Amino acid sequence: MAKKNKTVRPKARLPRGLRDVGAHEIRAMSDMLDAIRNVYDIYGFEPLDTPAFEYSDALGKALPDQDRPNAGVFSFEEEDGQWVSLRYDLTAPLARYVSENYDGLAKPFRRYQTGPVWRNEKPGPGRYRQFTQFDADTVGTDNVAADAEICMLAADAIERIGIPRGDYVIKINNRKVLDGVLQTAGIDPVAPENAEQRMTVLRAIDKLDRLGREGVALLLGAGRKDESGDYTKGAELAPEQIAPLLDFVSASDGDLDTILTRLRSLVGDSERGQEGVEELRQIGALLAAAGFEDDRVRIDPAVVRGLDYYTGPVFEAELTFEATGDDGRAVRFGSVGGGGRYDGLVARFKGVVVPATGFSIGVSRLYAALEALGKTNSATATGPVVVLVMDPEHTADYQAMTRDLRTAGIRSEMYVGTSGMKAQMKYADKRHAPCVIIQGDDERAAGEVTIKDLVEGSLLSTKIEDNKEWRESRPAQISVKRDELVEAVKSVLARHNG
RNA sequence: GCCGCCUUAGCUCAGUUGGUUAGAGCGCUAGAUUGUGGAUCUAGAGGUCCUCCGUUCAAUCCGGAGAGGCGGUACCA
């Protein structure tokens, strides 16, 4: 059988890991971003925006994997042979900006920034290749007061968008403390030859909440095989080295002083470790003095963050409530943001150490959480008032009605299609129009317009089964003089917006 | 990257032991109803059965490769 000669049409589809965003989400997201922006503004941070892509080397040096510069990042070559990359976070562009404008900036420089970032990775549940972050950073001071403030800011921002206190927690740890524990275990954390092992240890600890103590122990030792048969190489630590690390990550019980005392003994005489504990103590004291107790911020040694550029305190914002997903299963949202101190990031441009600390909110995931909580506003889902075109000859009249409504600040539109009245009614219904405006020959002759309340009409329809009755009763309609249109529509709208 | 499952209409899915015309429900368009969104009845439109290669007289179905989706795992700046 000869195949029919069909025209090859392009398939309407989006590349994987990308998605379109509809009206409802745009409105809700916009409200959310406004709320966060408001908090950051109140804290004295200044807005900044940078382009979507930068020269690859300006972003790329932060890449842990130098062998494959294209892995994880979207890059393309310009005509002059230089490579540019889409930004994968907002921190690397900030480092570039600060370095480029260093002399003109008031230091410490505090800025906030939001926008999409792109990652060329395999998408997963709730993970996309384009998503939005909202960052706040303080650049140019090593004062732990800056770190403490970042934590307050993160907590306030999350509460402002509608996550109640108790449903989230900002967890704080310090890389230096972990390094101290490593040091007492006989591993020099700053020696370059141990860098890989140190990161493996960090990643293992990062998985504590998912794999438990046993799983982490395996990853710290020889390695671990998961259910799907995939094998993860471990950090090859000896059992006597693993034990103190497990004690360390499990040291989150008790109040601040208890935890600090425990950490102090775990880091032993490691100078770096003691320094880290002292930083945590100061941050904890500042937070407590500002009224941020452990219902909002807490020290948790299991928080490490995957990044290797963090040099001191690290933070993670976690949602602690469970929601029920579409499939009825409980969904934990987990981490919705994170950050920490990165004293080395600007140095790679400037050659001088410019200490910095910051926090990044993953607004896309936060939005999903809000949606699950039912906290996104759906009130704005009401559509416009629709002016029906009963007779195309009088389009100008309908346009005039629409203009009058718009002038009065009422969201409205004249039907701009070419279908008949029934289709226009269906259209208005689908748009969730609160009411439609009808002016046919009868109304025009009387100098009137008919206003049909669709919300009320829909309620009445459930009581009517006979179609003839439904059509003839013309429920929820009123007729008013043409010049009373705006006032009458206002009163209809007022009924439903109560 | 690795492992598993999946891909048939806009959506959810049947089905063909390989054979001429691939179905249902919902949705969509329209008519019954000269000007009324719901309900009811009727009709209509809509398909490269994911793609390519192979086996075959013949492939949506069998074999191989690839793409895409879902889930896990790894990575996550």
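This briefing covers a helix, a pocket, salt bridges and three individual residues of the structure above. The model is predicted. A search of the whole structure finds 27 salt bridges, and three of them are described below. The second largest pocket, with a volume of about 880 Å³, is described by its lining.

**Helix α3**

- Helix α3 spans residues 91-100, and because eight of its ten residues are buried, the helix is largely enclosed by the rest of the structure.
- The buried residues of α3 are Thr91, Ala92, Pro93, Leu94, Ala95, Arg96, Val98 and Ser99.
- Arginine 96, with a relative accessible area of 17%, falls under the 20% limit for a buried residue.

**The salt bridge between α3 and β2**

- Arginine 96 pairs with glutamate 54 in a salt bridge whose closest N and O atoms are 2.6 Å apart.
- Glutamate 54 lies in strand β2 (residues 53-55) and arginine 96 in helix α3, so the salt bridge ties together parts that are 42 residues apart in sequence.
- Glutamate 54 is buried, at 6% relative accessibility.
- The two side chains also count as a polar contact, at 2.6 Å.
- With neighbours within four places in sequence left aside, the contacts of glutamate 54 are Leu59, Trp83, Val84, Ser85, Pro93 and Arg96. Of these residues, Pro93 and Arg96 are among the buried residues of α3.

**Two further salt bridges**

- Aspartate 179 and arginine 198 meet through their side chains in a salt bridge, with an N to O distance of 2.7 Å.
- This pair links distant parts of the chain, 19 residues apart: aspartate 179 belongs to helix α5 (residues 175-184) and arginine 198 to helix α6 (residues 195-206).
- Both aspartate 179 and arginine 198 are buried.
- Elsewhere, salt bridges that share partners join Glu54, Arg96 and Glu100 into one network.
- A salt bridge of 3.0 Å, N to O, is formed by the side chains of aspartate 147 and arginine 341.
- Aspartate 147 is in helix α4 (residues 144-160) and arginine 341 in strand β12 (residues 330-341), so their salt bridge ties together parts that are 194 residues apart in sequence.
- Aspartate 147 and arginine 341 are both buried.

**The second largest pocket**

- The lining of the second largest pocket consists of 23 residues, and those nearest the centre are Met421, Met425, Lys452, Trp470 and Gln477.
- Two or more lining residues come from each of α14 (421-430), α15 (441-446), β17 (448-453), α16 (454-461), α17 (467-473) and β18 (477-481).
- Helix α14 gives the most to this lining, with five residues.
- By residue class, the lining of the second largest pocket holds nine charged, seven polar and seven nonpolar residues.

**Threonine 450**

- Threonine 450 is located in strand β17, one of the elements that give two or more residues to the lining of the second largest pocket.
- Its relative accessibility is 4%, so threonine 450 counts as buried.
- The side chain of threonine 450 makes a polar contact with the side chain of glutamate 443 at 2.7 Å.
- A further polar contact, of 3.0 Å, joins the side chain of threonine 450 to that of serine 479.
- When residues up to four places away in sequence are not counted, threonine 450 touches Val436, Ile437, Ile438, Glu443, Gln477, Ile478 and Ser479. Of these residues, Gln477 is one of those nearest the centre of the second largest pocket.
- Leucine 485 is 35 residues from threonine 450 in sequence, and the C-alpha to C-alpha distance between them is 8.8 Å.

**Threonine 184**

- Threonine 184 is in helix α5, the helix that also holds aspartate 179.
- Threonine 184 is partly exposed, because its relative accessibility of 38% lies between the 20% and 50% limits.
- Apart from neighbours within four places in sequence, threonine 184 is in contact with Leu266, Val267 and Gly268.
- A polar atom of the threonine 184 side chain lies 3.4 Å from the backbone oxygen of leucine 266.
- Threonine 184 and valine 267 are 83 residues apart along the chain, and their C-alpha atoms are separated by 6.3 Å.

Technical notes
Residues numbered from 1 in each chain as written. Chains lettered and ligands numbered in written order. Predicted model: local features only at pLDDT ≥ 70, side-chain atom pairs only at ≥ 80, totals over all residues. Heavy atoms only, no water. Buried < 20%, exposed > 50% of the residue type's maximum accessible area, 1.4 Å probe, protein only. Helix = DSSP H or I, 4+ residues; strand = E, 2+ residues; numbered from the N terminus. 1 Å grid on protein atoms, 1.4 Å probe; cavity = no way out; pocket = protein on both sides within 12 Å on 5 of 7 lines; lining within 4 Å. Points joined across faces, edges and corners; volume = space filled by probe spheres on them. Nonpolar A, V, L, I, M, F, W, Y, C, P; charged D, E, K, R; others polar. Salt bridge = Lys/Arg side-chain N within 4 Å of Asp/Glu carboxyl O. Polar contact = N/O pair within 3.5 Å; in protein donor to acceptor, adjacent residues only side chain to side chain. Contact = heavy atoms within 4.5 Å.
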